[in-house]
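Good morning, everyone, and thank you for making time for this. Please have a look at the structure first, and then I will walk you through a few parts of it.

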Amino acid sequence: MILLWTSLVLMIFSGGLSLFRRHPSSPRWSVAGLVTACLIGIVPAVHSLWTGASSETRLPWNIPGGACHLGIDPLTAFFLIPIFLLSSLAAVYGLEYLQGKQPVSWFFYGLLVAAMVVTVSARNGILFLMGWEIMTLSSFFLVTAEHEKREARQAGWTYLVAAHIGTAFLLVLFLLLSRSSGSMDFDSFKGLSPSETAPAWLLFVCAVIGFGTKAGFMPLHIWLPEAHPAAPSHVSAVMSGVMIKTGIYGLLRFLFYLGAPSPWWGWTFIGIGLTSGVIGVLFALAQHDLKRLLAYHSVENIGIIALGMGVGFLGLSGGSTPLAVLGFGGAVLHVLNHALFKGLLFLGAGAVLHSTHTKDIDHLGGLLKKMPWTGISFLVGAVAISGLPPFNGFISEFMIYLGCFKGLSPVHPSTGPLIAAMTGLALIGGLAAACFSKAFGIVFLGEPRSAHAAGAHEVGMPMKFPMMFLAGGCLLIGIFPTLALRAIKHPLAQLIPNLAVTLNDDLSMAERALSMISWSAGALIGLILLFALGYRLFWRGRRGGSAPTWDCGYAFPSARMQYTASSFAQPLTDLFSPLLRSEQIGSPGKDLFPKDSHLVTETPDVFWKEFYRPVLHRIQNLLARGRILQHGRLQLYVFYIVITLIAVFLLEMRNP
Amino acid sequence: MTIDILWILFIVSNFFLLGSSRLHTYIRVISLQGFLLSVLPWFSEGPVSGHIVAMSLINGSTKGILFPWLLSQAIRRAEVRREIEPFIGYGSSLFIGLLGLLTSFWIGNRLIPPTATSVFTAAMALFTLFVGLFLIMSRRKAITQALGYLVMENGISILGMALLQHDPVVVELGILLDAFAAIFVMGIIMFHINQEFDHMDTDRLNQLKD
């Protein structure tokens, strides 16, 4: 525990360094401090995850209901490791990415990482909420780092409002939980019977809305596609990779305080997962902004995690161990995997943005030749996120599939949701693969579509290394699933203690299946590499020429004639157009002899357009009537105070 | 019995404030209230202790002498003499003051149990508070509002005495510090308002709202 404290203090200190030392080298010191802090902090986390040991410390603290009570147990440790890992890598990356601009942002960065650590290791409600709020606020300042841009400010506000609506629900949740014991300590939440506090469904709804807003469950996700593109890329990586996972952490920790789960919890989660997953990936498919596309993929992956949790809850409520183990196991493992590959993808998108100064996919192209390392890493991330072997995304998704198959039986009532989960997962996986063949294909393959892309260059070592490291991590988990299953064993045993007896059997069953597939996939890749090598050797010395693509006899092909992001995705977006409601400006030429024509497609968020915007407008119009009270006359303001005062006096007199 | 004379003086001074238009009169009356306030602690229960003397001295010197002096300085610099065109005329102000006095008596004793020293403490506190707030509400000049604020602070001081009989020093000092800072700031602001706009009618400041 002392290591965790050291790490926290060092983190805030080294972040704060950038506030006081206005020197060009000060970000370097901040980053060095941050990385050291992360390395220190990761030690107790790994220890706890490996041995299953837990420890905690309390410090005296004078806050009503609060206690400075931090602890590490396997579940915390499992979330701590990606936090430390991704944050330190992203910090190194950010050093080159920011190029010494916005030195103050390192203060907020340090604060954000420290707040995430506090959030997942807090053992007291007040401390948790404080960590949660600091996390929100520091990331708000990071999102609005480029506050001179209007979209960044807009995104910041959307994020802030959404986050606070979530926190409001969490506050209610904690107050309800502490109602019977009067203590905000998590220890006192254990073994509460819902009858003492509040109906379980109420607590469940509060938790799902409160934590789901941060995690990005579908109707609550609207801040994600705004905030992620606006933030600097290394911050987007941290926010998408680990910060939104604190919502999942919260769900995993608090839902287990609510007593035995009912089947409808599982159905709810599967419903949320299907909505978030399918609609998230569809909207990703329709985007042109690379980072916005990735943000929608975060929603999709959160959906996959929710699916896993839904399967797990179905298993718990039905008393089926394999279902619970594989469901929760897949969900928890996907948290780690998503941190790895989504961190990698955002860093890759950032490298593209850094080098070409645009995130519009339609202005890019042909980058693989100019930025080979970035391209290869991005490809690894893309394959991993599509859930294909031999990378890590496959492992966690496969566990959820496996869980669903285990739970199938013609008589069991949960068969319907399980089939829905399975088909949904398959649809999500297919669409994700389509989306990333679009993203990778348009950005990295073909010819440059603009001068920006033509002038691209490979990024430096501080940016390359984190990407390669994360790509290595994706491959490592993919090839050695045993390692990952070992890592989730203790957290799972902690989540479902009464089912722990058969835990090992279930996991080893999953392991056998997984390693077989992974090894065969690895062997396939090895074969391809071998073939490529042989091909190279064979062709060495015999030069083939390079010529332009055959253009059906057209005399003047240009780079603008390639597939664009919209045209590549069109078959799929057309299929789902009732859902996506893309807006099309201009029209493609229809005459036999084409004239000048232009076409722009936009796909704004359907929930924002159809639900939030009208509702918020209503509310605003309603509240605008109250503005007559704000007239700027001091005398009348004082009059309000007097009226209130007298009313309070009278009220006080009425009740003796 | 003697304390009732103090209360009568308080009531009269409050009505004086409501009915007069000359700023210098305001300041003199407020100075008088400050002195009255400094005498009040002598009537509290128990033997005369060190802190009563100290409080009396501090109250007298600040509210009786320092604040009025600061305010008359401000008036001189701002070159205003009278409160003209109040929102509520002097006659109506007096009448509303009367209603306020009645309400204060009615509420005061029900809300706060009468102290051993006097049954009127709470009522007086509420009345002074009310007059202060009413001055802020009904007058136009920034300086009158600062004066109203001071009167309100006096009311709060009396209330502190009524509620916390035994150890009011901390509260008292807090209020004094508050009032001091407020007067200081207001003096500066009034000066600047005057410089900037050539008047200090606060009702025209509403153009500054967002």
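I will go through the domains, then some helices, and finally the second chain.

Please keep in mind throughout that this is a predicted model. In chain A, the domain assignment gives two entries: domain 1, which covers 263–537 + 562–586 + 598–604, and domain 2, which covers 606–654. If we take the C-alpha centres of domain 1 and domain 2 of chain A, they lie 47 Å apart.

Let us turn to helix α6 of chain A, residues 150–177, where a small calculation is useful. At 1.5 Å a residue, its 28 residues should span 40 Å, and the end C-alpha atoms are 41 Å apart, which agrees. Among the buried residues of α6(A) are Ala155(A), Gly156(A), Tyr159(A), Leu170(A) and Phe174(A).

Now for a pair of helices. Two packed helices are described by the angle between their axes and the distance between the axes. Helix α1 of chain A, residues 2–20, packs against helix α4 of chain A, residues 105–121, at an angle of about 160°, and their axes are 7 Å apart. Because angles over 145 degrees count as roughly antiparallel, α1(A) is roughly antiparallel to α4(A). The crossing of α1(A) past α4(A) is left-handed. The residues that meet there include Leu4(A), Leu8(A) and Met11(A) from α1(A), and Trp106(A), Phe107(A) and Tyr109(A) from α4(A).

Finally, what does chain B contain in the way of helices and strands? Chain B has seven helices and zero strands, and 41% of its 210 residues count as buried.

Note on methods: Residues numbered from 1 in each chain as written. Chains lettered and ligands numbered in written order. Predicted model: local features only at pLDDT ≥ 70, side-chain atom pairs only at ≥ 80, totals over all residues. Domains from an automatic or database assignment. Helix = DSSP H or I, 4+ residues; strand = E, 2+ residues; numbered from the N terminus. Expected span 1.5 Å × (residues − 1). Buried ≥ 20, exposed ≤ 12 C-beta atoms within 10 Å, placed from the backbone. Axes fitted to C-alpha atoms, helices over the stretch in contact; angles between N-to-C directions. Parallel < 35°, antiparallel > 145°, perpendicular 65-115°, else oblique. Left-handed = near helix turned anticlockwise from the far one by under 90°. Contact = placed C-beta atoms within 7 Å.
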